[in-house]
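Here's a quick tour of a structure you may want to have open in your viewer. We'll go through a pocket, a helix and a surface patch.

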Amino acid sequence: MLSNEWIVPDFYPIGYLPNGVRLTGYGGEAADLPTEVLQGHLDGIADGTIALGPVHVYALDKIRTAHDDLEQGKKMGKLLVRTAS
């Protein structure tokens, strides 16, 4: 999507992804997701029955460390850079 084209010729993303990395996407609209399904997920997150996976948060001054951890595969899960405290 960063290419400003919906379909990129000769691009096979699976060939570029390292083991253990997942590629997902959602192309629907908010109205396509039933309210009870969304609410079930939100309730599961709130009560701890649905885990969001490992999340690693970096302060903005540690953005180089975040990039290094991402590029070197040092951390699994979501990597977030917090711009404000």
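## The largest pocket

In this predicted model, helix H2 (63-72) and strand S2 (78-82) each put at least two residues into the lining of the largest pocket. That pocket has a volume of about 780 Å³.

Counting up the lining gives 18 residues, and the ones nearest the pocket centre are Gly20, Val21, Arg22, Met76 and Gly77. Chemically it's a mixed bag: eight of the lining residues are nonpolar, six are polar and four are charged.

## Helix H1

Now over to H1, which covers residues 35-47, 13 residues in total. From first C-alpha to last, H1 reaches 18 Å, close to the 18 Å you'd expect at 1.5 Å a residue.

What comes right after H1? Gly48 does, with a positive phi near 85 degrees.

## The nonpolar patch

H1 also turns up on the surface, in a nonpolar patch: both H1 and strand S1 (55-59) supply at least two residues to the patch. The patch covers about 960 Å² and is built from Tyr26, Leu33, Val37, Leu38, Leu42, Ile45, Ile50, Leu52, Val55, Val57 and Leu80.

Which element gives the largest share of the patch? That's H1, with four residues. Leu42 is a handy one to click on, since this patch member is found in helix H1.

Note on methods. Residues numbered from 1 in each chain as written. Predicted model: local features only at pLDDT ≥ 70, side-chain atom pairs only at ≥ 80, totals over all residues. Heavy atoms only, no water. 1 Å grid on protein atoms, 1.4 Å probe; cavity = no way out; pocket = protein on both sides within 12 Å on 5 of 7 lines; lining within 4 Å. Points joined across faces, edges and corners; volume = space filled by probe spheres on them. Nonpolar A, V, L, I, M, F, W, Y, C, P; charged D, E, K, R; others polar. Expected span 1.5 Å × (residues − 1). Patch = residues over 30% accessible without salt bridge, like charges linked within 9 Å, V, L, I, M, F, W, Y side chains within 5 Å. Areas by Shrake-Rupley, 256 points an atom, 1.4 Å probe, with all protein chains shown as cover. Salt bridge = Lys/Arg side-chain N within 4 Å of Asp/Glu carboxyl O.
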